Amino acid sequence: MLAWGSCDGQRLCLAQLQSVSSLSDFSSALNQEPRWVGAFDLPFGLPRELVATLGWPLEWKACMAHYGRLSRADIRAQFSAFCNARPVGGKFAHRATDLPARSSPSMKWVNPPVAYMLHAGVPLLQAAGAYFPGLQAQPAAVHRVALEAYPGMVAREILGVRSYKSDDRAKQTPERLIARKDLVNALELGQSRWQLRLRLSHAQRDALVADASGDALDAVLCLVQAAWADLRHRQGVPLYGLPSTMDRLEGWIVGA
């Protein structure tokens, strides 16, 4: 699911929700608009410790090119061997951004398989001509900007430990429905550190609350992160608000 919108000062207007059911659909969506600033719920880099241990290139573009040439079976085998050589409780390597964002290691290939999401998603963003702030030199002309998002981080700042979604129908409870209502209400009122007021139609609000899987709401949370970053850029903040000290191999989650 993709959320498209526009920002007028502190007001963020949701234009449409677009369903994408395949990588081909995702690629087409990326190329349908000539200009965008997008925040995407997938990692853009791997832990430096992992990359160095495996002997892969330590420059981001070269590392992603190497990673893209591997099959999923190759990735699983090499990452599994890395984990098996480490002690219990420290199997996975982490990026610097994982701690403040409380995100899963980008090398995880199960629950959730974010390593495969990186493997599939980053090449499509590169093919769309996106600029990745902090990970590559800024080109002379920038038309599309790709930023790493984590909707769970945004939701957690508003809801705390309350869950708002589940793919399991048995767990799509009234409590999660109320949490989605509270989350949407807070976004509309601008009651978050993102300092944006989300503008929705009645139909859009109902759709976000009704989607018990949370896919639509997650897309809107990514839109909030993209709008915040674009606003920072317009205010003259370097790297769309990403920290200047970020690891240029690992990447960083917007707002973490």
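Tutor: Let's begin with a term: a residue is buried when its relative accessible area is under 20%. Keep in mind that this is a predicted model.

Student: Thanks! How does that apply to Arg95: is Arg95 buried or exposed?

Tutor: Arg95 has a relative accessible area of 4%, so Arg95 counts as buried. You will find Arg95 in the loop between helix H4 (72-84) and helix H5 (98-101).

Student: Which residues does Arg95 touch, not counting residues up to four places away in sequence?

Tutor: With that exclusion, the residues touched by Arg95 are Pro43, Phe44, Gly45, Leu46, Pro47, Ser106, Glu148, Glu250, Gly251 and Ile253.

Student: And what about a whole helix? How many residues of H7 are buried?

Tutor: Helix H7 (residues 151-159) is mostly covered, with seven of its nine residues buried. They are Pro151, Gly152, Met153, Val154, Ala155, Arg156 and Leu159. The cover over these buried residues of H7 includes H5, H8 and H10. Look also just after H7, where Gly160 takes a positive phi of about 70°.

Student: Now I would like to read helix packing. What describes two packed helices?

Tutor: Two numbers do: the angle between the axes and the distance between the axes. Try helix H1 (residues 23-32) and helix H6 (residues 114-127). The axes of H1 and H6 come within 10 Å and cross at roughly 30°. Angles under 35 degrees count as roughly parallel, and therefore H1 and H6 are roughly parallel to each other. The crossing of H1 and H6 is right-handed.

Student: Which residues make the contact between H1 and H6?

Tutor: From H1 come Leu23, Phe26, Ser27 and Leu30, and from H6 come Ala120, Gly121, Leu124 and Leu125. By type, the residues in this contact of H1 with H6 are six nonpolar, two polar and no charged.

Student: I noticed Pro123 as well. Where is Pro123 placed?

Tutor: Pro123 is in helix H6. Its relative accessibility is 33%, so Pro123 counts as partly exposed. Pro123 and Ser27 lie 96 residues apart in sequence, while their C-alpha atoms are 9.8 Å apart in space.

Student: H6 also packs with H3. At what angle do H3 and H6 pack?

Tutor: Helix H3 (residues 60-69) and H6 pack at an angle of about 115°, and their axes are 10 Å apart. H3 passes H6 in a left-handed crossing. On the H3 side you can pick out Trp60, Met64, Tyr67 and Gly68, which meet Ala115, Tyr116, Leu118, His119, Val122 and Gln126 in H6. The residues of this contact of H3 with H6 divide into seven nonpolar, three polar and no charged.

Student: May I try another pair? How do the axes of H8 and H10 cross?

Tutor: Helix H8 (residues 174-189) and H10 have axes that come within 12 Å and cross at roughly 25°. H8 and H10 are therefore roughly parallel to each other. H8 passes H10 in a left-handed crossing. Here Arg180, Leu183, Val184 and Leu187 of H8 meet Leu217, Leu221 and Val224 of H10. The residues of the contact of H8 with H10 divide into six nonpolar, no polar and one charged.

Student: Let's turn to strands. How are the side chains arranged in a regular strand?

Tutor: The side chains alternate between the two faces of the sheet. In this model, three strands form an open sheet in the order S1-S2-S5, with mixed pairing. Strand S1 (2-8) and strand S5 (197-199) stand at the edges with a single partner strand each, so one side of each has no neighbour in the sheet. The twist from one strand to the next averages 35°.

Student: In what sense do S2 and S5 pair?

Tutor: Strand S2 (residues 11-18) and S5 pair in the parallel sense, over three bridges. One bridge to find is that of Arg11, whose partner in S5 is Arg197. Helix H10 (residues 215-234) lies across S1, S2 and S5, running at about 140° to S2.

Student: And how many bridges join S3 to S4?

Tutor: Five bridges join S3 to strand S4 (residues 144-148), and the two run parallel. Ala39 has Leu147 as its bridge partner in S4. Strand S3 (residues 36-40) has four of its five residues buried, so S3 is largely enclosed by the rest of the structure.

Definitions and conventions:
Residues numbered from 1 in each chain as written. Predicted model: local features only at pLDDT ≥ 70, side-chain atom pairs only at ≥ 80, totals over all residues. Heavy atoms only, no water. Axes fitted to C-alpha atoms, helices over the stretch in contact; angles between N-to-C directions. Left-handed = near helix turned anticlockwise from the far one by under 90°. Contact = heavy atoms within 4.5 Å. Nonpolar A, V, L, I, M, F, W, Y, C, P; charged D, E, K, R; others polar. Pairing = 2+ DSSP bridges. Parallel < 35°, antiparallel > 145°, perpendicular 65-115°, else oblique. Buried < 20%, exposed > 50% of the residue type's maximum accessible area, 1.4 Å probe, protein only.
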